[in-house]
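The exercises below ask you to read burial, charge pairing and chain contacts from one protein model. Please look over the sequence and the structure before working through each solution.

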Amino acid sequence: MSFPLPQRPGLPIALLAASFNNTSATYKYYWLLSIISELEEGNTVIPKHRLFAGMVSSAWYTVNYFHISFGKQDQLQRAIGQVRKLEGITIDEKQDIVKRKIIGSLNPLTARAIQYFDKEVPHRYLSPWFSESKGNRSEIHQLSTNFENNSPYALDEKNLTINPLWQAYLVEHAGILKAFCYWHLSLYLQKHNPNVPDIPNKLIKPAKRNSLLNQRKFWNIIIDHTGPLECIYTQKKLIHGNFAVEHFVPYAFVSHDLIWNLIPADPSFNSRKNDRLPRIEDYFDGFYQLQRTAIKVMSENYPKEPIMDDYLSIFPNANAHQLTETDLKGRFLENIQPLLTIANNNGFEYMRKHIY
């Protein structure tokens, strides 16, 4: 499957499309995204350190919040880890703020962490235009000076200058080009994270998380029928309206709000749990009993409630309430246990049992 780019007479669009061929690291994707972002702000002569800061900030949320692996040898992921420690930036900070903090940093170690890319990224991205140079940095710098072969930009030691012939094209088709980058990036990252769900939705920080209003109504209905429920973490009683809707497997890993992964919990605990993982041996039985109760109540009283369709993703060929106790519990365990194991392998930490 290919992702066609808009054509423009006189421009070697095929070379732009080929820029992601034989990619062994993420930097090319984030390099082009950073260039497009600067162009959208009206900048055509761009200091390279701004572009490197843009690369780090674009990948910040994907690496730090969702724990997506870029590969053991990926220097962009390594730089993000270094900058996070050096600058004390939160894992879910806004992209533009991350970029400003990096650009404005006075820490020479931060500058060094991003300046590493100058030796590898700007000239290597131009390889399709200067294939005979075989990645020679000084030679590509020299050849690009006059935009030979209609290269998209020229390089010097400090700046990148956009080729006027490319400027209008890159701005006009910015949306398509960003989609082109993210499509290739998601394919690349899925290959390196084969068991991680929903890679495409982990590439950009959402403007805001989805409301859990319907999920809260769901658990209020259960409590109205059963009376107070018990928090599986703190054993506090949860009454109508006074609970947090909690992702058993963290949202930062599953990237969805399906009801089969959501339970009511003590609000004060929920804020402390953050994105840590519950251990199966400590909390699965309690989690399962809440889900079992919910399925029973809803199936008997509100069988056509739309939110019950959420269970179809783990019970595709059966109605959950018709399964035997052994099968029902087994289906939940078969879905939950691998998610927790994979999340832990990707860097999510298990919570201490007495976190509260």
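A residue is called buried when its relative accessible area is under 20%, exposed when that area is over 50%, and partly exposed in between. The model used throughout is a predicted one.

**Exercise 1. Describe the protein chain as a whole.**

Step 1. Begin with the secondary structure, which comes to 15 helices and seven strands, and with the extent of the C-alpha atoms, which fill a box of roughly 75 × 45 × 30 Å along the principal axes.

Step 2. Apply the burial classes to the 356 residues of the protein chain, of which 47% are buried. The accessible surface comes to about 17400 Å², and carbon and sulfur atoms hold 50% of it.

Step 3. Turn to the contacts with a separation of 6 or more, where residues 24 or more positions apart account for 67%.

Step 4. Finish with charge: the protein chain carries 39 positive and 34 negative side chains, and the centres of these two sets lie 4 Å apart.

**Exercise 2. Which parts of the chain does the salt bridge between Lys273 and Glu246 tie together, and is Glu246 buried or exposed?**

Step 1. Establish the pair: the side chains of Lys273 and Glu246 meet in a salt bridge, at 2.5 Å from N to O.

Step 2. Place both residues. Because Lys273 lies in helix H13 (residues 267–273) and Glu246 in strand E6 (residues 244–247), the pair ties together parts that are 27 residues apart in sequence.

Step 3. Compare with the cut-off. Glu246 has a relative accessible area of 1%, so Glu246 is buried; Lys273, at 1% relative accessibility, likewise counts as buried.

**Exercise 3. Work out how Lys296 and Glu300 are placed relative to each other, and assign each to a burial class.**

Step 1. The side chains of Lys296 and Glu300 meet in a salt bridge, at 3.0 Å from N to O.

Step 2. Both residues belong to helix H14 (residues 280–301), and because they are four residues apart there, about one helical turn separates them.

Step 3. With a relative accessible area of 47%, Lys296 is partly exposed, whereas Glu300, with 53%, is exposed.

**Exercise 4. Trace the salt bridge of Lys99 and the network to which Lys99 belongs.**

Step 1. A search of the whole structure finds 16 salt bridges, and one of them joins the side chains of Lys99 and Glu38, at 2.6 Å from N to O.

Step 2. This pair links distant parts of the chain, with Lys99 in helix H5 (residues 95–104) and Glu38 in helix H2 (residues 27–40), 61 residues apart.

Step 3. Lys99 and Glu38 are both buried.

Step 4. Widen the view to the network of salt bridges, in which Glu38, Glu41, Arg50 and Lys99 are linked.

**Exercise 5. Where does Lys48 lie, and which backbone oxygens lie 2.9 Å and 3.2 Å from a polar atom of the Lys48 side chain?**

Step 1. Lys48 lies in helix H3 (residues 48–64), and because its relative accessibility is 1%, Lys48 counts as buried.

Step 2. The backbone oxygen of Asp156 lies 2.9 Å from a polar atom of the Lys48 side chain, while the backbone oxygen of Glu157 lies 3.2 Å from a polar atom of that side chain.

Step 3. Leaving aside residues up to four places away in sequence, Lys48 touches several others, including Asp118, Pro122, Arg137, His141 and Leu155.

Terms used
Residues are numbered from 1 along each chain as its sequence is written. This is a predicted model: local features need pLDDT of at least 70, side-chain atom pairs count only at pLDDT 80 or more; totals for chains, interfaces and linings use all residues. Side-chain values use heavy atoms; hydrogens and water are left out. Helices (H or I, at least four residues) and strands (E, at least two) are DSSP runs, numbered from the N terminus. Buried means under 20% relative accessible area, exposed over 50%, partly exposed in between (1.4 Å probe, protein chains only). Contact means heavy atoms within 4.5 Å. Accessible areas come from the Shrake-Rupley method with a 1.4 Å probe; for residues, only the protein chains shown count as cover. Lys and Arg count as positive and Asp and Glu as negative; His and the chain ends are not counted. The place of a charge is taken as NZ of Lys, CZ of Arg, CG of Asp or CD of Glu. A salt bridge is a side-chain nitrogen of Lys or Arg within 4 Å of a carboxyl oxygen of Asp or Glu. A polar contact is a pair of N or O atoms within 3.5 Å; within protein, one must be able to donate a hydrogen and the other to accept it, and residues adjacent in sequence count only if both atoms are side-chain atoms.
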